[in-house]
Amino acid sequence: MESIQITDKEYDKLIKRIEFYDTTRNQLLTFSFTSVLTVLGVSLAIEMNLLSVWICLIPFFLIIPFTARIAYYRLASAHINSFLRKFNSVNMQFELGTEFVNEGKCRHYKIIAWLVNHEMVLLGLATSCIFYLKYIFLIDEWNFWNYISGIVPLILMLVVYIIADSTFAYKKIVNSFSKEWDQYLSRRKNECKK
């Protein structure tokens, strides 16, 4: 395969981008937890009726776009990491070494990894639980619309789960990008032969 080197300037730029993604992702999580738990705390404390109970689902307007942003940052980080592993392996020894020396040594690593990567799902679950807790006790007689209304939080939770889970398998994503970088190198090599 053709050896392609990247400049120090490009390497620094990409590392800064990964740092930005990590920092922003953590800030989004902190803001999300603070905001959502505040709204849920207020929701628990006040009296509601069948109309005002929908306020409990307002956090989904924050949870869904922030989940998408966090998933995008994971995907973008995997994209950059796969590129740097392929084109600047000298400076990526830690990343390359994690294939063999991974973090999965902890007995409950899979559970921890799932929880860390599905934090927004847990916020959505808390939001849905508060809605149900309030909503169910407000209904005197169940009808068709009550059942339909009860499905709304489940649909919102499903959306959050699908988005969050789309980038859960980080290693698979990096490996998929790596294969595409190999194809890119092969294409470049063929073009150089012409």
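Start with the aromatic rings: a search of the whole structure, which is a predicted model, finds 18 aromatic pairs. Select Phe31 and Phe66. Their ring centres are 6.0 Å apart and their planes meet at 45°, so the pair is tilted. This pair links distant parts of the chain, because Phe31 lies in helix H1 and Phe66 in helix H2, 35 residues apart. Phe31 has 45% relative accessibility, so Phe31 counts as partly exposed.

Next, select Trp142 and Tyr147. Here the ring centres are 5.1 Å apart with planes at 35°, and this pair too is tilted. How accessible are the two residues? Trp142 is partly exposed at 39% relative accessibility, while Tyr147 is exposed at 52%; the line between the two classes is 50%. Now add Trp54, Phe131, Tyr132 and Tyr135 to the selection. Together with Trp142 and Tyr147 they form one aromatic cluster.

Move on to helix H6, residues 144-165. Phe144 is in this helix and is exposed, with a relative accessible area of 53%. Which residues share a nonpolar surface patch with Phe144? Select Trp145, Ile148, Ile151, Leu154, Ile155 and Val159: with Phe144 they make a patch of about 700 Å². To read the spacing along a helix, recall that an α-helix has 3.6 residues a turn, so residues three or four places apart point the same way.

Now select helix H7, residues 170-193. What span should its 24 residues have at 1.5 Å a residue? The expected value is 34 Å, and the end C-alpha atoms of H7 are 35 Å apart, which agrees. Colour the buried residues of H7: Ile173, Val174, Phe177, Ser178, Trp181 and Leu185. Show helix H2 (60-87) as well, since the buried residues of H7 pack against H2.

Stay on H2 and select Arg85, which is in that helix. Is Arg85 buried or exposed? At 13% relative accessibility, Arg85 counts as buried, because the cut-off for buried is under 20%. Leaving out residues up to four places away in sequence, Arg85 touches Met92, Glu95, Leu96, Thr98, Glu99 and Val174. Val174 has already come up as one of the buried residues of H7.

Finish at helix H1, residues 8-45, and select Val42. Val42 is partly exposed, with 47% relative accessibility. Then add Cys56 and draw a distance between the two C-alpha atoms: Val42 and Cys56 are 14 residues apart in sequence and 9.2 Å apart in space.

Notes: Residues are numbered from 1 along each chain as its sequence is written. This is a predicted model: local features need pLDDT of at least 70, side-chain atom pairs count only at pLDDT 80 or more; totals for chains, interfaces and linings use all residues. Side-chain values use heavy atoms; hydrogens and water are left out. Patches are made of residues with over 30% relative accessible area and no salt bridge: like charges are joined within 9 Å, nonpolar side chains (Val, Leu, Ile, Met, Phe, Trp, Tyr) within 5 Å. Accessible areas come from the Shrake-Rupley method with a 1.4 Å probe; for residues, only the protein chains shown count as cover. A salt bridge is a side-chain nitrogen of Lys or Arg within 4 Å of a carboxyl oxygen of Asp or Glu. Helices (H or I, at least four residues) and strands (E, at least two) are DSSP runs, numbered from the N terminus. Buried means under 20% relative accessible area, exposed over 50%, partly exposed in between (1.4 Å probe, protein chains only). The expected span of a helix is 1.5 Å times one less than its number of residues. Contact means heavy atoms within 4.5 Å. Rings of Phe, Tyr and Trp (its six-membered ring) pair if their centres lie within 6.5 Å; planes under 30 degrees apart count as stacked, over 60 as edge-to-face and the rest as tilted.
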